[in-house]
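Thank you all for coming; I would like to take a few minutes to walk through one model with you. Please have a look at it on the screen before I go on.

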Amino acid sequence: MTLLPERAHSRAELSEGADGQVALTDGADGQVALTGGADGPAGSWRRPGWIVAALAVLVALLLLGHSLVPNALGNSGSLLETFLPWLGVSVPVLLGAALLRRSVVACAAVAVTAVVWCSLFAGTLLDKSSSGGDLSVVSHNVHDGNPDPGRTARDLAASGADVIALQELTARTAPAYERTLAATYPHHAVRESVGLWSKRPLRDVEPLAIMPWTRALRATVDTPKGPLAVYVAHLASIRVHPSSGFATEKRNEAAARLAGFVRKETLPRVVVAGDLNGTVDDRALRPLTSRLRSAQEEAGQGFGFSWPASFPVVRLDQILSRGVTPVSARTLPRTGSDHLPVTAAFRL
């Protein structure tokens with residue numbers, strides 16, 4: 001800023017050019033006294049930032065309308081719903097871009113997206129657990145290549161659970177779990193790759209034909225408050241292929257068959273535990289999840305991501321129930337598996 005000397009007959013004028021440059025000139029000789037642009041303090045927040053705003057709006061629409069995304073093309077709808085909470089990562093990224101751009105419009109759009117995400121998932125971050133419960137359940141995909149099944153069994157027994165449901169057992173590892181858990185869990189049943197260990201008596205154990213080979217079983221657990229139907233399941237694996245997209249057909253078929261068995265269950269109290277290879281948000285699992293309650297969603301804190309164990313990004317391992325009340329749910333420390341164990345306590 002340059003101060004002009006006083007002149008008897010000078011006349012200062014303020015003008016703005018087509019390029020946004022502002023100039024204060026002296027009418028006597030045209031000397032420029034003050035120049036500035038739209039990017040100065042007064043105009044620095046006038047940039048529109050339409051691209052950032054459009055991306056923020058797109059994320060908000062995906063959050064709100066994820067169920068409308070069709071599954072016709074590579075099961076893209078199920079893929080989106082599997083990782084839906086992770087859309088929230090875009091909020092700080094877009095906010096940084098909006099601030100860098102100094103765009104009020106973009107910042108407002110990002111704020112709307114943040115509100116939408118919070119409306120869907122903020123409640124998940126709250127601790128909804130309480131103390132007590134009549135029966136606790138642990139579910140764990142122990143991994144068929146687990147290098148130390150005995151240690152994994154000891155870790156699971158240390159949780160104090162009343163019932164332990166295991167998936168991905170093999171002829172090599174199943175005896176190790178049987179030996180290690182026998183003292184604490186005198187009642188157990190193994191059907192090929194799935195097994196159930198219990199402190200309470202088991203009866204009516206039967207394999208369930210949800211796939212060509214046995215990956216599910218049903219048993220009745222006799223609790224002090226009456227019988228409880230427990231299902232252990234390991235649904236078919238999912239794959240992501242560049243050509244075909246999110247391959248879930250076999251998993252979806254297994255989920256539908258498992259849902260059929262649960263629908264016909266005559267006992268009023270039911271727990272379904274296992275590796276479902278999908279989240280409770282995935283529409284393809286609704287035949288099953290619509291009839292049951294997620295212990296993690298109702299009585300846990302956070303998303304309870306369980307896979308991969310080294311850096312969990314999605315919850316594939318579920319404990320679902322009907323006719324009982326979840327009072328707590330969480331993941332357990334890592335074992336020799338590529339999944340984290342999950343646990344829940346129920347009031348019967």
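I will begin with the sheet and a helix that lies across it, and then turn to a few backbone details.

Please keep in mind throughout that this is a predicted model. The sheet I want to describe is an open one of 6 strands, in the order β8-β9-β10-β13-β15-β14, and its pairing is mixed. Its edges are formed by β8, residues 202–207, and by β14, residues 293–294, each of which pairs on one side only. Within this sheet, β10, which covers residues 226–234, runs parallel to β13, residues 270–275, and 6 bridges join the two; Val-232, for instance, has Ala-273 of β13 as its bridge partner. Lying across β10, β13 and β15 is helix α7, residues 249–263, which runs at about 175 degrees to β10.

Now to the backbone, where I would point first to a cis peptide bond between Trp-307 and Pro-308, with omega at about -15 degrees. Pro-308 sits in the loop that links α9, residues 295–299, to β15.

Which residues other than glycine have a positive phi? One is Asn-75, at about 50 degrees, in the loop between α1 and α2; another is Glu-192, whose phi is near 55 degrees and which is found in the loop between β6 and β7. As for their surroundings, Asn-75 counts as buried because its relative accessible area is 11%, under the 20% cut-off, whereas Glu-192 counts as exposed because its relative accessibility is 53%, over the cut-off of 50%.

Key. Residues are numbered from 1 along each chain as its sequence is written. This is a predicted model: local features need pLDDT of at least 70, side-chain atom pairs count only at pLDDT 80 or more; totals for chains, interfaces and linings use all residues. Side-chain values use heavy atoms; hydrogens and water are left out. Two strands pair if DSSP finds at least two bridges between them. Helices (H or I, at least four residues) and strands (E, at least two) are DSSP runs, numbered from the N terminus. Contact means heavy atoms within 4.5 Å. Axes are lines fitted to C-alpha atoms, for helices over the stretch in contact, and angles run from 0 to 180 degrees between N-to-C directions. Buried means under 20% relative accessible area, exposed over 50%, partly exposed in between (1.4 Å probe, protein chains only).
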